[in-house]
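Here is a short briefing to read alongside the model on your screen. Keep the viewer open and turn to each spot as it comes up.

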Amino acid sequence: MEIKVLGPGCTNCYKMEELAKKASTELGIDATVEKVSDIQEIMKYTMSTPGLVVNGKLKHSGKPLPDTEKVKELIKAEM
């Protein structure tokens, strides 16, 4: 499974990355979590960061950040 966290490097972007890693670990799945900070790449998915992309599909963007349980639900929907 491929998970991308979209964001230029703000505090919320790093928090989203940690949420994605924690959620995938708790689900026990083999996932690659990639941090994407290139603006051109981010704009392919959304204009609002932080963003969460699972297997090429935008699952969340902007604030407020979801909690770990919500991130797990978003990931499970693509399993």
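Reading from the N terminus, the elements of this protein follow the order β-α-β-α-β-β-α. That comes to three helices and four strands. Please keep in mind that this is a predicted model.

**Overall build**

- The protein has 79 residues and a radius of gyration of 11 Å, which agrees with the value near 12 Å that a compact globule of that length would have.
- The C-alpha trace spans about 30 × 20 × 15 Å along its principal axes.
- Buried residues make up 39% of the 79 in the protein.
- Among contacts with a separation of 6 or more, 66% are between residues 24 or more positions apart.

**Surface and charge**

- About 4400 Å² of the protein is exposed, and carbon and sulfur atoms supply 47% of that area.
- The protein carries 12 positive and 12 negative charges, and the mean positions of the two sets lie 4 Å apart.

**The hairpin of S3 and S4**

- Strand S3 covers residues 51–54 and strand S4 covers residues 57–61; the two pair in the antiparallel sense over four bridges.
- To find one of these pairings on screen, look for Gly-51, whose bridge partner in S4 is Ser-61.
- Two residues sit between the strands of this hairpin.
- Asn-55 belongs to the loop between S3 and S4, and its phi is positive, about 50°, although Asn-55 is not a glycine.
- Most residues other than glycine have a negative phi.
- Is Asn-55 buried, exposed or partly exposed? Its relative accessibility is 35%, so Asn-55 counts as partly exposed, between the limits of 20% and 50%.

**Two cis peptide bonds**

- Thr-49 and Pro-50 are joined by a cis peptide bond, with omega at about 0°.
- Pro-50 is placed in the loop between helix H2 (39–42) and S3.
- A cis bond also links Lys-63 to Pro-64, where omega is near 0°.
- Pro-64 is in the loop between S4 and H3.
- For background, most peptide bonds are trans.

**Glu-17, a charged residue in helix H1**

- Glu-17 is part of helix H1, which runs over residues 11–27.
- Why does Glu-17 count as buried? Its relative accessible area is 12%, and buried means under 20%, so Glu-17 falls in that class.
- Setting aside neighbours within four places in sequence, Glu-17 has contacts with Val-5, Val-33 and Lys-35.

**Met-79, after helix H3**

- You will find Met-79 in the segment that follows helix H3 (68–76).
- Met-79 has a relative accessibility of 59%; because exposed means over 50%, Met-79 counts as exposed.
- Which residues does Met-79 touch, not counting those up to four places away in sequence? They are Met-1 and Ile-29.
- Met-79 and Val-5 are 74 residues apart along the chain, and their C-alpha atoms are separated by 18 Å.

**Spots to revisit in the viewer**

- Val-5 is a handy landmark: Glu-17 is in contact with Val-5, and the C-alpha atom of Val-5 is 18 Å from that of Met-79.
- For a look at opposite classes, set Glu-17, which is buried, beside Met-79, which is exposed.
- Around the hairpin, you can step from the cis bond at Pro-50 to the positive phi of Asn-55 and on to the cis bond at Pro-64.

Note on methods. Residues numbered from 1 in each chain as written. Predicted model: local features only at pLDDT ≥ 70, side-chain atom pairs only at ≥ 80, totals over all residues. Heavy atoms only, no water. Rg over C-alpha atoms; globule rule 2.2 N^0.38 Å. Buried < 20%, exposed > 50% of the residue type's maximum accessible area, 1.4 Å probe, protein only. Contact = heavy atoms within 4.5 Å. Areas by Shrake-Rupley, 256 points an atom, 1.4 Å probe, with all protein chains shown as cover. Lys, Arg positive; Asp, Glu negative; His and termini not counted. Charge placed at Lys NZ, Arg CZ, Asp CG, Glu CD. Pairing = 2+ DSSP bridges.
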